[in-house]
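Subject: Structure for you to look at

Hello,

Here is the structure I promised to pass on. Please open it next to this message, and then read on for what turned up.

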Amino acid sequence: MSKNPKGGTMHYARIILTLTLAFLALAGPWPAAAEEEFVTALTGKFPPFSYYDNQGNLAGFDVDVSREIALRINRESRIIATEWDGILAGLLAEKYDAIIGSMAITPARQESVDFSAPYYHSGAQLFVHRDNPDKVYSIEECKGLAVAVVLGETYQHYLEERFPDIEVVTLKSAAEIFAMLEQKRITGFVTDRLVGAWQTKEAGRPFVPVGEMLYKERIGIPVRKDSPELLSQINTALAEMEDDGTMQRIHQRYFGLGKTSSSTLGTMEPTVIATKLLKGFAVSLGIALAALLLGFALAIPSGLLLTFQRGNLKPLHFLVRGFVDFIRGTPVLIQLLFVWLGLGLSPFPAAILTLGICAMAYMAEVIRAGLMSVDPGQDLGARALGLSPLDRFRFVVWPQAFRIAIPPLMNCVVALLKDTALVSIISIPELIREAQSIISVTFEPGLYYLIAGLMFFAVTFPLMKLSDRVERSIKAKGFAHD
């Protein structure tokens, strides 16, 4: 007796749905920080406030302040390095307890979060190259010229509002800005006065401040508005640090006469660099593999449903069609942030789920095309032999469709591997994130971005060659049209 084809399809659909729900259940929301932990966030790319030392560990003024506060409120310090442009959203999404990353207190930010008392004061300052090829000596003389800021910093809003004639260039980190100014591709940059001074004096950068300080800033520690008790504890700790001289000692360590030796800044041990790059690449490959397995498992039933434009499965067809089109028509970065912040998943499950769903959308289209490329006569011939619908699919249609789909599926795998570079935005220490942390210390973006690119290429190139070989083999066996 022949098997019911709809029953077989629904059986596989139930399995996929069960696996997906199990994955989401295991992923769960970001686990609440243990009560004894004080989880704080910073970028790790803002020396000397936060950077990676020559052993690859987080260090800097903000790091020391964070650990000292944790000690005084009797909690264990845990510091998360994440991107600046998403750091406030991460706090609101309860990814950490506070941000100790040199964040200026502004009225706009105070509408969303509560700030502690200021723990230091600084201000915005324009820096230019020592050669000063554009001959500017104040911000008013930068009309029509390119001035860089880090994306999301208050300096960007200040320049755009007060000096609309300036071409504001936004970059991801200070290291990229310094590299561009050294190459004289921008006129100057606006940053924290202390950071600019440190770069000039300690890191040997050929930059000089020009003009008056643009404005003063009060730097505080933001917490969520539903954390008044934590805010009170932080304020008490900051007051104690000021009273007993701890804050001044930390400040002197990085900016005063007793500052950290230059030999420990601007350098990183080669073994530490190699370890960070390899660990980051292993994370990238692991995420890509998990996402690939999830995406391929979902792509088979989805691709099959995309071929059912009539019959009882028509509603499911339109549902899958709409979902696939939506995923393919929206940026992966937005999907990633939605899953991480909107659904509240922890970083790794969010990355795997997002990239897996994205891979599913593209693979489903490939599988649909492969299934439709099989001659209908093949199915009719199998039907004449008395094969059940499931057996006709398993032994006749699917093997031919899969062979044809292999080359474009390999392209999907290559694209998926490259998309793992996006997950650094949700604080996953993958290859690009690790390369950027190295660059923030060594200030050699060209070298380490090249190394990261070569590491990706070492994996993607064999995959591309394998795809070409499989495609030639398929053509030679007559499974595809020349």
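A good place to start is one pair of facing residues: in strand E11, the bridge partner of Gln 125 is Thr 191. Gln 125's side of this pairing is strand E8 (residues 120-129), which is joined to E11 by 5 bridges, the two running antiparallel. Helices (H or I, at least four residues) and strands (E, at least two) are DSSP runs, numbered from the N terminus, and two strands pair if DSSP finds at least two bridges between them.

Before going further, a word on the model and the numbering. This is a predicted model, in which local features need pLDDT of at least 70 and side-chain atom pairs count only at pLDDT 80 or more, while totals for chains, interfaces and linings use all residues. Residues are numbered from 1 along each chain as its sequence is written, and side-chain values use heavy atoms, with hydrogens and water left out.

**The sheet around E8 and E11**

These two strands belong to an open sheet of 6 strands with mixed pairing, in the order E6-E12-E8-E11-E9-E10. At its edges are strand E6 (103-104) and strand E10 (167-171), each of which pairs on one side only. As background, strands of a sheet pair through backbone hydrogen bonds, either parallel or antiparallel. Helix H5 (residues 154-162) lies across E6, E8, strand E9 (146-150), E10, E11 and E12, and runs at about 115° to E12. Contact here means heavy atoms within 4.5 Å; axes are lines fitted to C-alpha atoms, for helices over the stretch in contact, and angles run from 0 to 180 degrees between N-to-C directions.

**Aromatic rings**

The whole structure contains 18 aromatic pairs. Rings of Phe, Tyr and Trp (its six-membered ring) pair if their centres lie within 6.5 Å; planes under 30 degrees apart count as stacked, over 60 as edge-to-face and the rest as tilted. Phe 189 and Phe 207 are edge-to-face, because their ring centres are 5.5 Å apart and their planes stand at 80°. Phe 189 is in strand E11 (residues 188-192) and Phe 207 in strand E12 (residues 207-220), so this pair ties together parts 18 residues apart in sequence. Are these two rings buried or exposed? Phe 189 counts as buried at 2% relative accessibility, and Phe 207 counts as buried at 0%. (Buried means under 20% relative accessible area, exposed over 50%, partly exposed in between, with a 1.4 Å probe and protein chains only.)

Elsewhere, Phe 46, Phe 49, Phe 61, Tyr 119 and Tyr 120 make up one aromatic cluster. There is also a charge over a ring: the charged end of Lys 276 sits 4.1 Å from the centre of the Tyr 52 ring. That label applies if NZ of Lys or CZ of Arg is within 6 Å of the ring centre and within 35 degrees of the ring normal.

**Strand E1**

All 6 of the 6 residues of strand E1 (residues 37-42) are buried, so the strand is largely enclosed by the rest of the structure. Glu 37, Val 39 and Ala 41 are buried on one side, and Phe 38, Thr 40 and Leu 42 on the other. E1 runs parallel to strand E4 (residues 76-81), with 6 bridges between them, and Val 39 stands opposite Arg 78 in E4. E1 also pairs with strand E5 (residues 98-99) in the parallel sense over 2 bridges, where Ala 41 stands opposite Ile 99.

**Cores, and two residues to look up**

The largest nonpolar core has 68 residues, and Phe 38, Phe 61, Val 65, Ile 69, Tyr 119 and Ile 234 have the most contacts inside it. Apart from it lies another core, of 46 residues, including Val 320 and Leu 409. (A nonpolar core is a set of buried Ala, Val, Leu, Ile, Met, Phe, Trp, Tyr and Cys residues joined through side-chain atoms within 4.5 Å.)

Glu 68, in helix H2 (residues 61-72), is buried, with a relative accessible area of 18%. Leaving aside neighbours within four places in sequence, Glu 68 is in contact with Met 241 and Thr 246.

Phe 456 is in helix H17 (residues 445-476) and counts as buried at 10% relative accessibility. The C-alpha atoms of Phe 456 and Lys 418 are 7.3 Å apart, with their positions 38 residues apart in sequence.

Best wishes
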